[in-house]
Every structure is written in structure tokens, then in C-alpha cells.
Amino acid sequence: MTHKPIELAPRVLSWASIIDQNTADQAAGLGQLDFVSPHIALMPDAHGGKGTAIGTVIPTKGAVIPAAVGVDIGCGMAAVRTIFTADDIAQISLEQLRDEVERSIPLSPGNYNKKIHREHTKARIQELEELAERDDVDLSHSSKWREQLGSLGGGNHFIELCLDGDDNVWCFLHSGSRGVGNKIAQKHIKIATREIAEAGVELAEKDHAYLREGTESFDTYLRELAWAQRFARLNRDEMMDRFVDQLARMMRQAHDDGRISMKVPADSADTEVERVNCHHNYTEKVTINGESVWLTRKGAIDASVGKFGLIPGSMGARSYVVRGRGNAAGLNSAPHGAGRVMSRRQAKKQYTAEDLANRMGDIVYRPGAQWVDEIPDAYKPIDQVMADAEDLVEVVTELRQVLNVKGT
């Protein structure tokens, strides 16, 4: 563990060896807020965001910045190791599996479930309904939130089938709190902006508007934030159950047809060996140096000692299952992915669908120009990000993709 952070600015420590000036300036601006304590940790994948760089870990005393948490509250990763191996899935059509996943999980922004019929979906909706009633969560802005549960979204959200170093098959996905989380976030960003203006507080960056602990608006935000984080977690579990079910169904058919010798359990849940699920856009209360603070991870995962986490590469690159080292200077955090080095607009101007196909190689995906902004060239090299994160996490398992499903 030789990599050490640099003091990028007062109260800003950075683990990013690849960083642009805008990202550095955004971190430095946050470090000037008087309620930041003890310092900001900038992760290896850090890149510019709206008001706050993505890949920033922000401890705050007595306040939370809703725009720093972001609009995709609770966004994160889920991974499941299955009983299957590379030899097993060689006997099924990955193109057909792609089609079945796309059929069972709504993709792209605005695409929701047309009906709710699965028992596990109903159970998760009931849990969220009860949580909203208990904590007085206002969902009047999102009449379709139930239909959103179990849907992927777009951008860098994805569903993948992967193999580890021992050729075990993993199901892997990335998504968050969908439209309902966005509405919750936007509502409270506006409230924070209004309250700061009414208080006559001048901020260098309007998206640093904050809510003060002890106020009704703060308490309401934290309750609704917790609900959105739970929605995001259940959304990933819901999609993962559907993904594993489609894989298991195809493997049972392969067994029945004599293509594989292993007997596949009738219950899809029995094909699952282990599951990891982690947020990377959220706030929680923690103790640092004996003081109670609100820790916001904007594009960062919990890397406390022994904590399992997931760090995906870009489309077509490797991903990692990791275990936290509990680095105090890094605020017990680690990167959440590769991190962009190029805007989506720039990537679409510079690269073509043919370029993306060349980068994807043998990975099964749905070719098209709509995915070009996710080309690996638009991201930091995952190898460098992981090297920068060496003193934050240890690698448990490396995953290589064989199938990728995305929404536009």
C-alpha cells in the first residue's frame, strides 16, 4: 500500500491521480464551508458534477447539502454469485438471455412495469408503503412509484453477466431510486435553496445550499432520504431476482434438454450463493474523531473494515468485488466506479457505434449508436482507479463481463 493522498486544498485530501481543474475547484469550494469537518476525501474516480464533484465524501456537522447527495438517492450496485460456471452458460444463448432480461426488466428513463404481478414485487411495495406511512413520507409527486420498482433507468445504469477468476458466474447490476428518488431530491434542493436565501446566507456555489439540523425541513429530508435509499436497495434486489430467475429458467431448460449435466434447483433463489448490495449516493450519521457528523458519499462506497463493496468498470471493462480497509483519512470510503473523463456529448462526437463494437469485443450486448457515450474511452482506466484505491480497499474478486444490458 504505497499510494498516499495529496492535500489538494485546505481540508481536501485527494486519492485521484487523474483529475481535471474543474473537479479540483469543486472540491476546494466545498472545503471552505464552515460546517465541513474534519476534511473532504476525493476518491480516485472523482470527476465534475453539478455543484459537487462525483466521487466526493463530505462529513458535515449539523447540516446536510441535498444537492451534494444528488438526485439519484441511494444509487448503487448489486452482485450475486451463482452456482453456475462458464462451462454451464456456454450451453445457452447469451443473446436469448439478453432478450429475456430486457423483457422482464423495464429499461431506459420513463419505462416502468405495466402491471405488478410478482409476489416478491408486491411484498417490497408493501414494505415501502408501510415505511412511507410510518415516517410520513410525501409521495404525492410520484403516483407511479410502485410501477418504477424493478426498473433500470438509463445513463451508466446497467445489467451484466460476469465471470470471476475461477469461472464462476455472477449477475451484476447498477441502478438507484429512479424517478421517485429524483422528485424527492429536487423537492428538498429547492427547499434548501429557499431557506438559505431567506436567511441571507451568501454561498459561492448555489448547489451548496444546506439544511440545518434541528429544523423541521432537515428532519423531513432525512426521513424521505431514508425512504428513497430503501427504495433504491429494494429496486436492485427486485431486478436481481428477475435477472437470476431468467438465468435459472434457461439453465433448467438446458438441463432438461441434456445440454448440461448439473441439476438446476426448481427454486431460482437456490441458484444464488452470495449477494452484495451497496449504495454510493447517500448520507448517514457516523462518528469521526469522537464527533457525530453526517457523512455524504456522492459517488463513493462504504469501505469500513471488512465491509464488502462493488466497484464497476466502464462498459466493456472489468469490475471488482472489494473489502474495505477502514482507511480513516479516506473517511472509510472508496471509489464507486471508473469515473468519467469525457462528457456524454463529447463522447458522441468523438466515437461511433463501430468504435464501441470494437471495444466490446466478444461481450454480448445490443449494438447501437445510443450507447456510444458509455464507451470505455470516456472513462478513467479502471486499472488506474484501483491502483489509486489500494489503501482504501482490497480486491476480493475480479469480474469480466460476458453480457451487458443497458437502457438509453
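**Close-up 1. Strand 8, wrapped up by its surroundings.** In this predicted model, strand 8 covers residues 168–175, and eight of its eight residues are buried, so the strand is largely enclosed by the rest of the structure. In a regular strand, side chains alternate between the two faces of the sheet. Here both faces are covered. One side carries Asn 168, Trp 170, Phe 172 and His 174, while Val 169, Cys 171, Leu 173 and Ser 175 sit on the other, and all of them are buried.

**Close-up 2. The two partners of strand 8 shown here are strand 6 and strand 7**. Strand 6 (residues 76–85) runs antiparallel to strand 8, and the two share seven bridges. To find your way, look for Val 80, whose bridge partner in strand 8 is Cys 171. Strand 7 (residues 158–163) also pairs with strand 8 in the antiparallel sense, this time over six bridges. In that pairing, Cys 162 stands opposite Trp 170 of strand 8. Strand 7 and strand 8 form a hairpin with four residues between the strands, and Asp 167 in this hairpin has a positive phi, near 70 degrees.

**Close-up 3. Helix 5, with a buried face and an exposed side**. This helix takes in residues 119–134, 16 residues in total, and spans 23 Å from its first C-alpha to its last, close to the 22 Å expected at 1.5 Å a residue. Its buried residues are Thr 121, Arg 124, Ile 125, Leu 128, Leu 131 and Ala 132. Looking down the axis of helix 5, you'd find these buried residues within an arc of 125 degrees, so they line one face of the helix. An α-helix has 3.6 residues a turn, so residues three or four places apart point the same way. The buried residues of helix 5 pack against helix 6 (145–148) and helix 8 (216–256). On the other side of helix 5, Glu 119, Glu 133 and Arg 134 are exposed. After the helix comes Asp 136, which has a positive phi, near 55 degrees.

**Close-up 4. An open sheet of six strands, with helix 1 packed on it**. The strand order is 1-2-3-4-12-11, and the pairing is mixed. Strand 1 (6–9) and strand 11 (281–288) are at the edges with a single partner strand each, so one side of each has no neighbour in the sheet. From one strand to the next, the twist averages 30 degrees. Strand 1 pairs with strand 2 (residues 12–14) in the antiparallel sense over three bridges, and Ile 6 has Ser 14 of strand 2 as its bridge partner. Helix 1 (residues 21–31) touches strand 1, strand 2, strand 3 (40–47) and strand 4 (54–60), and its direction makes about 160 degrees with that of strand 3.

**Close-up 5. An aromatic cluster made of Trp 145, Trp 227 and Phe 231**. The whole structure has six aromatic pairs. In one of them, the ring centres of Trp 145 and Trp 227 are 5.3 Å apart and the planes meet at 85 degrees, so this pair is edge-to-face. Trp 145 belongs to helix 6 and Trp 227 to helix 8, so the pair ties together parts that lie 82 residues apart in sequence. Trp 145 is buried at 3% relative accessible area, and Trp 227 is buried at 0%. Trp 145 also makes an edge-to-face pair with Phe 231, at 6.4 Å centre to centre and 70 degrees between the planes. That pair links helix 6 to helix 8 as well, joining residues 86 apart. Phe 231, like Trp 145, is buried.

Notes: Residues numbered from 1 in each chain as written. Predicted model: local features only at pLDDT ≥ 70, side-chain atom pairs only at ≥ 80, totals over all residues. Heavy atoms only, no water. Buried < 20%, exposed > 50% of the residue type's maximum accessible area, 1.4 Å probe, protein only. Pairing = 2+ DSSP bridges. Expected span 1.5 Å × (residues − 1). Arc of directions from axis to C-beta. Contact = heavy atoms within 4.5 Å. Axes fitted to C-alpha atoms, helices over the stretch in contact; angles between N-to-C directions. Phe/Tyr/Trp six-rings, centres within 6.5 Å; stacked < 30°, edge-to-face > 60°.
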